[in-house]
Amino acid sequence: MFAQAYLILILNQVHLFATMHPEFYPCESHTSKDGHISIDCQHRRLGKIPKFISLSAVSLNLNLNHIHYIKGDALSGLPNLKHLSLMWNCVPDPLKEQRWPSCNLNVDPEAFIGLRNLTSLQLAGNSLKSIPPLPKQLLILGLEFNNIFHIVKPLGTPRLKQLLLSKNCFYANPCYQSYFIDPRVFQDLPELLNLTLSYNNVTAVPQHLPLSLESLDLGENKIESINKESFGNLTHIRHLNLGWNCQRCDHASEPCFPCPNNQSLRLHPDAFLHQNASLISLSLRGNSLRTLPRHLFMQLHKLRDLDLSDNFLAYAIQNGTFYEELKHVVSLSLLYNYEPLNTFSELILSPAIEKMTALKELYLSGLFFKELSDHSLAHLIKLPRLEYLELRMNFICSISIDSISKLGMLRRVGLSQNMLAFSPCYSTCNSEATATYQTLDKRHDYNSQIQEVPELNTEHGSEGDPCPFYYSMWHFKKQICSKSLFFDLSQNNIPWLNASTFSGMENAVCIDLSYNYISQSLNGQQFSSLSKLAFLNMAHNRIDLYSEKAFREVSGTLKALDLSNNEFHFVMKGMGHRFTFLSHLSSLKVLSLANNHIGLRISNVLNSTSLRYFVFSGNRLDIMWDSRRNQYEHFFQGLTNLTHLDISENHLKSFPPEVMVNLPSSLRVLRVDSNMLTYFPWGNISVLQQLCFLNLSSNRLSYLPNFHFELRLVSLDLSHNRLVAIPRVFLSLAVHLKHLMLHHNQLKILDVYSLPLSFHKGNTFCPAGGNNSASSCKLVLHANPFTCSCIISGFANFLRETELDIPHLTTQVHCAYPESLAGVNVLSIDLRSCQEIFGGFALLCTLLLTLAATSIPLLKHLYGWDLWYCIQILWTGHKGHTPANGNTADNQYDAFVVFDTSNKAVRDWIYKEMIARLEKRGRWRFRLCLEERDWLPGVSCIENLHQAVYSSRKTVFVLTSPSGYTHASGIVRQAFLLVQQRLLDEKVDVAVLVLLDLDFPKFKYLQMRKRLCKKSVLSWPKNPRVQPLFWNDLRVALVSDNVKAYNKNVTEGFL
């Protein structure tokens, strides 16, 4: 019978653990359609690998933990594991924060060997000094950011495809020696495809590299030369990085290590001869190259991407013939090849560049020249496929746009960060260069080669998304301009615009004019030549939008307009503004007026029938919607087709109900985040029949309405507020809600029944989404101070059983109360104890009653007389040791004050402070006995002293220094002895010590006194604000019984 009960108890405990901790706790898991499980234990502060048992787990992520030791059987419960990531568990000392101690990851030899299905192992950032034994079938091995710089023993992984060894020995993780890999290591890797050795202090190309290599990264090392045999056997290599070996240091953003005497990387003309049929991309960036060996690229027939940036090739670019060897190159980067301390008058390109007929992308930023003339671009015109021309940061002040227009296939021209003004009256060039701003009369017509203005897809959410709420100007720019002609003129010196500014850009679909100095009122003529303009960025300027004719010339084509950060005119006091130009822009879909501080003296109503996306963040709607004025209540009502409205960061403290009912009925997305809202008109939100996403995050909402109202939202964001509760009826009618964000609030208790019905178990509204079994509905709860008690047992049970997607469930959904459980995961609540708490209490009471009914009669029968006798003895002893109360009435004084009368400072303190405070002030007034004032003349000193001690309730010793206690006054010493004698005779402790010096010596008696009766030892404070507290403590010490105030822990052994 006992064995059966014990078995039931064990089974119950197992069931309890399974209930408290879901599978793979404290980690999260995702199951794919084919049943494979991926376990995510990232950033869980784990000190060891959890003991999981699963035959379906194929992926385990243990990154960013504190695992310093891997046992041989740590992963034995996951025999089918394919992907294991153990990165950043023990960061090397030079890379970690100073507050973290040094560590090393120790791996048992059997830890990985037994994983026979493991194909990918990531061990970056673990301070490994050697490579642990690996399974033979491994395909991918990541060992970056370790201390592995001397590899001698083969890895034993003949099927390995990728070996990542970067950043094991560089300036941020030094090893103070050359990197070494024994040739036998590579001979044991016959199928290796990708090898990274960058940032490793490699001084020469390793020998006997695997013949199968397709990608080799040797960047950021100290290789000084590449000879003919360096890559002689690598006939399959496709991607080769040799950048930053002989570094150019006058343009370096990180610690720089040039070759001896600032020499360039020595390249043999036949260095890449054996890669003629395989090499696709080659990087020679940052190698201080001044010339390129002839025929270096001659045999590279498949080369498509070549990076020659950050070298000294300024003159080679002007005169070199290496272009002739790059007939098949598609992308050529010549960035930052400027000549030190030299700015060329114009861009000069070698005629040989005409041979690059396959070239599509040309990067010429950082060459430093003033003029981009017809002659500069003459050779580029003969490149039939050139689509991208980057000329950023060149100090260009004069440009021939007509020559650029002759590049028929051009799609993007990058001219940002130059000195262009497009005005002969405002030029940073000299007088000779100003003539180059004039354009040719005859322009190259390539209308047939330019695509039509692309249609803007305003429903750009994911396929099947019922509420696409993500949007940004960057997104629309990419959508409109990716395959259209785009001129980037941002960050130049353009002061104003006129029709001639855009001569030669007539076919431009997108133009970026942001970060210039444009300060003018637009009158409808500036963009008259841009008949295809669809995207225009004029952010960070000083545009005056008062004119009704602004942008009218592009009203039929302009789809996206960015006028953000043009606050210059809006912050001028007394200046009026109008937005009437919007009604004429019939094609405008996207408009941004963000960060303009718009608040007063503007149009009362915005009117547009085409606008869909409107960004009005960073303005002053709090002023416009102030309760003292109502002229802006209809401000957005005229935007009849508006679907997305962003009014975040507008300093709003409340959202007027009148404004809510006047918002466009077509609105689908409303962002009111990052304000200061304490009130929101929930009762009026039902007027927005099509609203599906509402963002109220980062406000100051502390409560939600407790009444029913219709809510058609699909997504509601209430994060980063001050909510303390969610009423049950608040979301009762939110039948379409799929995403609810409640994180970073003050929720202590969350009633499960306050959640939408669609979130409850068994509801079919939230089907599995994506490629895993996770629900398409999301509930975000982390960073709330939950109370972990039986009152939220239903909520904890809901978290365990729900199929909702709850981010950070096992990592950041923590208890905050009670304090003993602070930081504990909510899933750790013992549900069974909560469910049976009353049954357990009843069991305890019954057990106690049974024991009492059984033991009391038995004890009375056996030990009744003995128990009665003991009680009588204890009671008699207690009464006999109780001090007589009648003696207190005979006390003549409340306290006898003993002090060194020869110390003038003490005497002054006694008569000016103590007597004034205790005898003349306060609710309690005491009668003090003083030697100089109250002793009887003619009576001996010892008799006066004896009378003063025994006729006073307390004796106060005022001490200033060791001298005042030992030899300065015999009265003090004799009084102390009498007080001690009184303690022995009458069992009365009347001593009170007052220390006037903070640095009083630590005498043994004084230390014991403080531990025995702390309230009888007082120190005079130096801070005047604390002195009233001292007098109050002294009054309490004078009227209280010291014996009753004794520390029980101290007196237990001897009293």
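These legends go with five close-up views of a predicted model.

**View 1. A nonpolar patch that includes Leu848.** Four leucines, Leu844, Leu847, Leu848 and Leu851, make up a nonpolar patch on the surface, about 390 Å² in area. One of them, Leu848, sits in helix H11, which covers residues 837-880. Leu848 has a relative accessibility of 51%, and the cut-off for exposed is over 50%, so Leu848 counts as exposed.

**View 2. An open sheet with three strands.** Here the strand order is E20-E22-E24, and the pairing is parallel. Strands E20 (344-346) and E24 (398-399) are the edge strands: each has a single partner strand, so one side of each has no neighbour in the sheet. Zoom in on E22, residues 369-372, and you'll find that two bridges join E22 to E24, with the two strands running parallel. Look across from Glu371 and there's Ser398, in E24.

**View 3. Arg385 in its loop.** Arg385 is found in the loop that links helix H4 (374-377) with strand E23 (388-390). With a relative accessibility of 48%, Arg385 counts as partly exposed. Setting aside neighbours within four places in sequence, Arg385 is in contact with Thr357, Ala358, Leu359, Lys360 and Met409. Take Met409 from that list: Arg385 and Met409 are 24 residues apart in sequence, yet their C-alpha atoms are 5.9 Å apart in space.

**View 4. Thr787 and its contacts.** Now for strand E38, residues 786-787, which is where Thr787 lies. Thr787 has a relative accessible area of 17%, and buried means under 20%, so Thr787 is buried. Which residues does Thr787 touch, leaving aside neighbours within four places in sequence? They are Lys748, Ile792 and Tyr817.

**View 5. Val990, a buried loop residue.** Val990 belongs to the loop between helix H16 (970-986) and strand E43 (991-995). At just 1% relative accessibility, Val990 counts as buried. Not counting residues up to four places away in sequence, Val990 touches Arg953, Lys954, Thr955, Val979, Arg982 and Asn1042. Among these, Val979 and Arg982 have numbers that fall within helix H16 (970-986). Ala1037 is also worth picking out in this view: Val990 and Ala1037 are 47 residues apart in sequence, and 9.7 Å separates them in space, C-alpha to C-alpha.

Notes. Residues are numbered from 1 along each chain as its sequence is written. This is a predicted model: local features need pLDDT of at least 70, side-chain atom pairs count only at pLDDT 80 or more; totals for chains, interfaces and linings use all residues. Side-chain values use heavy atoms; hydrogens and water are left out. Patches are made of residues with over 30% relative accessible area and no salt bridge: like charges are joined within 9 Å, nonpolar side chains (Val, Leu, Ile, Met, Phe, Trp, Tyr) within 5 Å. Accessible areas come from the Shrake-Rupley method with a 1.4 Å probe; for residues, only the protein chains shown count as cover. A salt bridge is a side-chain nitrogen of Lys or Arg within 4 Å of a carboxyl oxygen of Asp or Glu. Helices (H or I, at least four residues) and strands (E, at least two) are DSSP runs, numbered from the N terminus. Buried means under 20% relative accessible area, exposed over 50%, partly exposed in between (1.4 Å probe, protein chains only). Two strands pair if DSSP finds at least two bridges between them. Contact means heavy atoms within 4.5 Å.
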